Amino acid sequence: MTRAVAVRLGAFAGALALAFAGAFALGSVVDPVAAADPAPSGGHAEGMPAGEAEGGDHGGGHSEPDAQPPGLAVSQFGYTLVPKTTFFQPGKPQTLSFTIQGPDGKTVTQYTETHEKDLHLIVVRRDLSGFHHVHPTRAADGTWSIPFTFTAGGTWRLFTDFQPTALGKTLTLGADVNVSGLYIPVPLNEPTSVYSVDGYDVTLAGKPIAGKESELTFNISKAGKPVTDLQPYLGAFGHLVSLRGGDLAYLHTHPSIEAKAGMKGGPEIKFGTTFPTAGTYSLFLDFQHAGKVRTAEFTVNVGSTGTAIVPPTTLPSASQTPAPSSKPGETPGQTPGHEETPHGH
């Protein structure tokens, strides 16, 4: 069942108020404040400065296979994500604000830039619909804020990806906020190796294996022709966020090749990604072409032995535009995460 079809089932959702309550409870369960911060570990691409310079995953500094993945805790190493409010209205422009509190209890105001920004904010509903990668602005007192419109009711997850200057490594903190209104769960799309958006076809190839670094290759074309002039976006030709189904464990991956102003990329974008466990993951690829950022989405099943993902031999017809929307509250042809809520540069 596609997401668009699932949304139309709202007429039969009279009893789904209970589902909203369950989602709220789930957010309370998987949103812990770390009781004891783990000691920093070295030599791993996730969250470590050396790994970021080379590309690859970042966001938590977890090197042991059994360590907690990034994004599951609201506090780590004494740093805490504090939303100004956790209750919002759907379909209404509002201000999303938060602070990062340091180990001394004071608001953090000094950050080390990573990938051209002091902080990256990911907002996604807990059913993994409504993905947004945005960049709020910081006031002098350390408060981050951005105009934001939540497209549908339910529990939404905030991920803040940043490096405090005093810590010297990247952290990913997560917290839930609640959007009023009827919660209509949207099932994940079935696994596929191609996604079409705004006339672009994006294919995925690779063999992801749980617990081991796997190479994923995305190929971008438009109207059947390879796109060879991708533009740099935040210092790279692509940004890949992977979220594990069930708990939304977070991986933010960048290509190994740095992209600078004036460079052109494509049609391939390669990533080295380590999925921590077997399971179902949602992948969100941001890329920029013709001055606009677009997002391609994939559902990937990751196993202990790996299953090859093979691109189709025939791409979807580029004439089928505008692309149908798969997000609750979006209109056909709307680009996920970049239209109704612009980047807060």
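In this predicted model, Asp-198 is a good place to begin: with a relative accessibility of 19%, Asp-198 counts as buried, because the cut-off for that class is under 20%. Asp-198 forms a salt bridge with Lys-292, and the closest N and O atoms lie 3.6 Å apart. Distant parts of the chain are linked by this pair, as Asp-198 sits in the loop between β12 and β13 while Lys-292 belongs to strand β20, 94 residues apart. Lys-292, at 29% relative accessibility, counts as partly exposed.

Arg-126 and Asp-176 form another salt bridge, with 2.9 Å between the closest N and O atoms. Here the contact joins the loop between β6 and β7 to strand β11, across 50 residues. Arg-126 is buried at 10% relative accessible area, and Asp-176 is buried at 11%. A salt bridge also connects Lys-270 with Glu-268; Lys-270 is partly exposed at 38%, as is Glu-268 at 43%. Through shared partners, Arg-126, Arg-157 and Asp-176 form one network of salt bridges.

Turning to the strands, an open sheet of five has the order β4-β11-β10-β6-β7, with mixed pairing. β4 and β7 stand at its edges, each with a single partner strand, so one side of each lacks a neighbour in the sheet. Within this sheet, β6 and β10 run antiparallel and are joined by seven bridges, with Val-123 partnered by Leu-158 of β10.

Strands β16 and β17 are likewise antiparallel, joined by four bridges; Val-241 has His-252 of β17 as its bridge partner. Five residues separate the strands of this hairpin, where Gly-246 takes a positive phi near 105°. All five residues of β17 are buried, so this strand is largely enclosed by the rest of the structure. Tyr-250, His-252 and His-254 point one way from β17, and Leu-251 and Thr-253 the other.

Terms used: Residues numbered from 1 in each chain as written. Predicted model: local features only at pLDDT ≥ 70, side-chain atom pairs only at ≥ 80, totals over all residues. Heavy atoms only, no water. Buried < 20%, exposed > 50% of the residue type's maximum accessible area, 1.4 Å probe, protein only. Helix = DSSP H or I, 4+ residues; strand = E, 2+ residues; numbered from the N terminus. Pairing = 2+ DSSP bridges. Salt bridge = Lys/Arg side-chain N within 4 Å of Asp/Glu carboxyl O.
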